[in-house]
Amino acid sequence: MRDQQRLSAEESEGLALLYSLQWAVSLNLSRVFLEGDCRVITDYLNGGQNAYWLANKAADLLAKKASSSYIVMDDIWMDSPPSFLYDQLVCDNINVTEAMA
């Protein structure tokens with residue numbers, strides 16, 4: 001990782017994905033849903049096909065928050081999301097539910 005420099009969107013998303021998957025494995029989770037904000041990473045994970053951006057605002061909000069402050073690696077939200085993200089997650093969930101109906 002670059003010393004004392006901001007990470008690119010791809011680097012940030014890649015590290016977030018890596019840490020998230022390592023965390024999921026450590027908890028023996030067998031089914032994990034990931035939401036991302038970087039089209040390059042998301043398209044790659046979808047086998048090179050363009051991803052469908054249905055409910056991306058929560059990921060965008062979280063990415064903006066992360067880029068504007070230092071992230072403490074021990075900050076893990078297990079039972080509920082951080083307060084700044086809750087309303088957007090509710091909206092994204094409604095959008096996905098309506099689209100799948």
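**Reading a four-helix chain**

Modeller: In this predicted model, helix H2 (39–45) is part of what covers the buried residues of H1.

Biologist: Before we go into that cover, what pLDDT does the chain average, and in which helix is confidence lowest?

Modeller: The general caution is that predicted coordinates should not be read in detail where pLDDT is low. Here the chain averages a pLDDT of 76, with 77% of the residues scoring at least 70. Among the helices, confidence is lowest in H3 (residues 57–67), at a mean of 75, and highest in H1 (residues 9–26), where the mean is 86.

Biologist: How many helices and strands does the chain have?

Modeller: There are 4 helices and 0 strands, so that the pattern read along the sequence is α-α-α-α. Of the 101 residues of the chain, 16% count as buried, while 46% of the contacts with a separation of 6 or more are between residues 24 or more positions apart. The area that the chain exposes is about 8300 Å², of which carbon and sulfur atoms supply 55%.

Biologist: Returning to H1, which of its residues are buried, and where do they lie around the axis?

Modeller: An α-helix has 3.6 residues a turn, so residues three or four places apart point the same way. H1 itself has 18 residues and reaches 26 Å from its first C-alpha to its last, close to the 26 Å expected at 1.5 Å a residue. Its buried residues are Glu13, Leu17 and Ala24. Because these residues cover an arc of only 40° around the axis, they are on the same side of H1.

Biologist: What is the sign of phi at asparagine 28, just after H1?

Modeller: Most residues other than glycine have a negative phi. Asparagine 28, although not a glycine, takes a positive phi of about 55°. This residue lies in the loop between H1 and H2, and at 70% relative accessibility asparagine 28 counts as exposed.

Biologist: Moving on to H2, how many salt bridges does the structure hold, and which side chains meet?

Modeller: Side chains of opposite charge can pair when their charged atoms come close. The structure holds 1 salt bridge, in which the side chains of arginine 39 and aspartate 43 meet at 3.9 Å, N to O. Both residues lie in helix H2, 4 residues apart, which is about one turn of the helix.

Biologist: Are these two partners buried or exposed, or is one of them partly exposed?

Modeller: The cut-off for buried is under 20% relative accessible area, and that for exposed is over 50%. Arginine 39, at 39% relative accessibility, counts as partly exposed, whereas aspartate 43 is buried, with a relative accessible area of 12%.

Biologist: Finally, with what is alanine 59 in contact, leaving aside its neighbours within four places in sequence?

Modeller: Alanine 59 lies in helix H3, the helix in which confidence is lowest, and alanine 59 is buried, with a relative accessible area of 12%. Apart from its neighbours within four places in sequence, alanine 59 is in contact with Glu35, Gly36 and Asp37. Taking the last of these, the C-alpha atoms of alanine 59 and aspartate 37 are separated by 5.4 Å, although the two residues stand 22 residues apart along the chain.

Methods: Residues are numbered from 1 along each chain as its sequence is written. This is a predicted model: local features need pLDDT of at least 70, side-chain atom pairs count only at pLDDT 80 or more; totals for chains, interfaces and linings use all residues. Side-chain values use heavy atoms; hydrogens and water are left out. pLDDT is the predictor's confidence in each residue, from 0 to 100. Helices (H or I, at least four residues) and strands (E, at least two) are DSSP runs, numbered from the N terminus. The expected span of a helix is 1.5 Å times one less than its number of residues. Buried means under 20% relative accessible area, exposed over 50%, partly exposed in between (1.4 Å probe, protein chains only). The arc is that of the directions from the helix axis to the C-beta atoms. Contact means heavy atoms within 4.5 Å. A salt bridge is a side-chain nitrogen of Lys or Arg within 4 Å of a carboxyl oxygen of Asp or Glu. Accessible areas come from the Shrake-Rupley method with a 1.4 Å probe; for residues, only the protein chains shown count as cover.
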